Amino acid sequence: MDYEAIIGMEVHAQLKTASKMFCGCDANYAAAPPNTHVCPVCLGLPGALPVMNRVAIEYVLMAGLALNCAIPEEAKFDRKNYPYPDLVKGYQISQYDMPLSRDGWIEIRLEDGTAKRIRIRRAHLEEDTGKSTHMGAYSLVDYNRSGMPLMEVVTEPDIRSGAEAWAYLTKLRAILRYLGIASGNMEEGAMRCEVNISLRPAGSAAFGTKVEVKNLNSFRSVRQSIDYEIKRQAAILDAGGQVEQVTMGWDENAGRTVVQRSKEEANDYRYFPEPDLPVVRARRAWVDELRARLPELPDARQERLIAAGLRPYDAQVLTEEREVAEYVDAALSAGQAAGADARSISNWIMGELFRLLKESGQDIATIQVAPGELAALVGLVNRGAINAAAGKQVLEEMFATGRPAAAIVEARGLAQISDSSELERIVEEAIAANPKAVQDYREGKKAAVGFLTGQVMRASRGKANPQVVSELLRAKLG
Amino acid sequence: MSNTLTLAEVEHIAELAKLGLTPQEAQMFQEQLSAILDYAAMLQQVDTEGVLPTAQGLDSGEAERPGMREDRVAPSLAQAQALANAPAQQDGQFKVHPILDE
Ligand SMILES: [Zn+2]
């Protein structure tokens with residue numbers, strides 16, 4: 001039977017504040033010895049009182065605005081109660097029914113170019129827990145992470161596949177990074193993801209039984225676990241069985257989901273208002289001030305690039321990272337003077353430059369190829385001063401040495417031969433040297449011209465203009 | 001109006017709070033918790049028509065961004081101080097009973 005997957009996501013992102021959420025402990029604890037960034041508040045000692053970090057609140061409000069959310073005038077914090085050793089107070093300060101923002105959306109673009117909106121149910125603020133390490137007969141707990149500001153972004157169940165989940169995460173992370181409020185680094189645990197998935201017969205309006213998958217620590221594991229769960233649940237339903245309501249984890253090595261908790265043990269959090277914190281009032285003037293602080297976001301940038309002539313999908317990819325988008329912008333503005341059109345620049349960045357970045361493991365923000373020089377190179381190719389194959393060699397050298405494109409072309413003698421008298425000589429030599437191909441061509445095998453063009457390119461050591469060569473060949477062969 | 005909790009509900013609450021109750025205690029709490037619920041039920045009978053819901057008793061009123069602090073780092077405790085009351089410790093960390101659910 002054909003099924004439709006109904007998927008919702010919860011993403012937790014640590015906010016990049018200087019201090020923790022409710023105390024002044026240094027939020028930069030990554031390299032610190034355990035339990036050295038702690039105080040009575042984040043250790044949950046009796047009598048300690050939390051005080052809200054204004055910047056953390058502002059970051060969530062800014063995220064809410066960027067996610068097209070409504071910002072309610074009043075928000076409050078609640079206590080979410082559950083016992084766990086890494087949770088110092090026996091409860092987590094979170095937000096239950098009055099979050100800082102709600103009812104927004106993100107637009108994602110799929111590989112086929114179609115756009116789709118994923119609705120955002122809410123973005124709220126809570127505190128992170130400590131970190132426990134399991135040693136078998138006992139566990140060890142470090143509370144440096146305890147009380148870190150953590151934003152939770154929850155979607156409506158609008159996602160339908162692993163690929164859409166990937167696109168959603170990519171877009172969400174891009175927005176958070178553009179805002180400069182979170183690193184979004186999943187491998188470092190600064191962004192964590194939970195997914196809930198159910199299947200229903202295609203076309204049906206009913207909802208199936210939801211399975212939660214937790215502890216996903218990479219984009220890849222999110223996509224793979226969703227694809228796996230869809231297959232697993234479909235097989236159960238096809239066999240006439242029933243999907244159990246469980247919480248699963250993702251076993252990266254085995255490439256499958258494993259049951260962590262069944263429904264009977266489901267938590268009962270007994271939320272109630274946090275009595276130690278006042279209501280947060282997001283007054284109009286404050287929200288307006290935050291809105292004015294928003295940078296140009298990926299969607300706006302994307303629209304601008306599409307208007308400049310880029311393919312929609314390329315525009316999306318090139319705006320995923322703020323650094324890449326800034327590089328593209330700089331290259332495009334230099335492109336006009338260099339005779340390089342936007343689409344060609346985009347093709348060179350998406351193709352050759354991305355390949356070089358990937359192979360070298362370098363970051364676009366620190367490479368030696370200045371955006372203006374990339375535009376100059378594309379201009380040289382577009383004007384026919386060098387051919388595309390030579391352009392790739394030049395870019396490689398630019399990437400390795402940081403020398404300007406024109407200087408490399410000059411030094412390596414790569415300037416394309418468009419001078420027809422010289423080309424004519426090479427073409428005539430090729431015709432004389434390959435009577436078989438010439439005969440094939442004259443007998444109607446027009447493809448033979450490709451072979452002859454190749455011969456000419458080789459004789460010119462790649463410097464001939466392939467278009468001019470094939471025109472000359474056709475003229476001479478008659 | 002009476003909101004009598006069942007013994008099973010009392011035991012569930014005790015389980016959530018990680019409290020072990022003797023049968024006598026369970027019965028005692030059943031009576032006491034039920035009395036608290038009766039009291040809340042009494043409050044619910046008050047006519048609140050036209051009164052805005054109050055999310056929080058603590059409200060600094062009209063002050064600009066009330067009850068917030070600036071994002072400034074303040075000194076933390078030293079590791080030895082943080083661990084001073086730990087029943088057990090190892091490698092600068094709190095040592096606790098094994099956590100089984102992962
Ligand atoms: Zn602290």
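Tutor: Contact means heavy atoms within 4.5 Å, and helices (H or I, at least four residues) and strands (E, at least two) are DSSP runs, numbered from the N terminus. The model is predicted: local features need pLDDT of at least 70 and side-chain atom pairs pLDDT 80 or more, while totals for chains, interfaces and linings use all residues. Residues are numbered from 1 along each chain as its sequence is written, chains are lettered from A and ligands numbered from 1 in written order, and side-chain values use heavy atoms, without hydrogens and water.

Student: Into which domains is chain A divided?

Tutor: The bounds come from an automatic or database domain assignment. Chain A is divided into domain 1 (3-289), domain 2 (298-412) and domain 3 (420-477).

Student: What distance separates the centres of domain 1 and domain 3 of chain A?

Tutor: Each centre is taken over C-alpha atoms. Between domain 1 of chain A and domain 3 of chain A, the separation of these centres is 63 Å.

Student: Which residues of helix α5 of chain A are buried?

Tutor: A residue is buried under 20% relative accessible area, exposed over 50% and partly exposed in between (1.4 Å probe, protein chains only). In α5(A), which spans residues 298-307, the buried residues are P298(A), R301(A), Q302(A) and L305(A).

Student: Why do these residues lie on the same side of α5(A)?

Tutor: The arc is that of the directions from the helix axis to the C-beta atoms. The buried residues lie on the same side of α5(A) because they cover an arc of only 100 degrees.

Student: What covers the buried residues of α5(A)?

Tutor: The cover includes one strand and three helices of chain A, listed here in sequence order. They are β6 (101-109), α2 (162-179), α6 (312-318) and α7 (322-338).

Student: Which residue with a positive phi follows α5(A)?

Tutor: The phi of this residue is near 120 degrees. The residue that follows α5(A) is G309(A).

Student: Where does the second largest pocket lie?

Tutor: On a 1 Å grid over the protein atoms alone, a pocket is an open set of points with protein on both sides within 12 Å along at least five of seven lines, a cavity is a set where a 1.4 Å probe fits but cannot get out, and lining residues have an atom within 4 Å of a point. The second largest pocket has a volume of about 800 Å³, and of its 24 lining residues the closest to the centre are W166(A), T170(A), R173(A), V317(A) and E320(A). Two domains of chain A both give residues to this lining, so the pocket lies between domain 1 (3-289) and domain 2 (298-412).

Student: Which helix supplies the largest share of that lining?

Tutor: At least two residues each come from α2, α3 (219-238), α6, α7 and α8 (342-360) of chain A. The largest share is 6 residues, and it comes from α2(A).

Student: Which elements give two or more residues to the lining of the largest cavity?

Tutor: The count is 1 cavity of 30 Å³ or more. The lining of the largest cavity consists of K171(A), A174(A), P298(A), Q302(A), Q316(A), T319(A) and E320(A). The elements that give two or more of its residues are, in chain A, α2 and α5.

Student: Is K171(A) buried or exposed?

Tutor: K171(A) lies in helix α2 of chain A. Not counting residues up to four places away in sequence, K171(A) touches I106(A), E107(A), I108(A), P298(A), D299(A) and Q302(A). Because its relative accessible area is 7%, K171(A) is buried.

Student: In what order do the elements of chain B run?

Tutor: Chain B has 3 helices and 3 strands, and buried residues make up 22% of its 102 residues. From the N terminus on, the order is α-α-β-α-β-β.

Definitions and conventions
Points joined across faces, edges and corners; volume = space filled by probe spheres on them.
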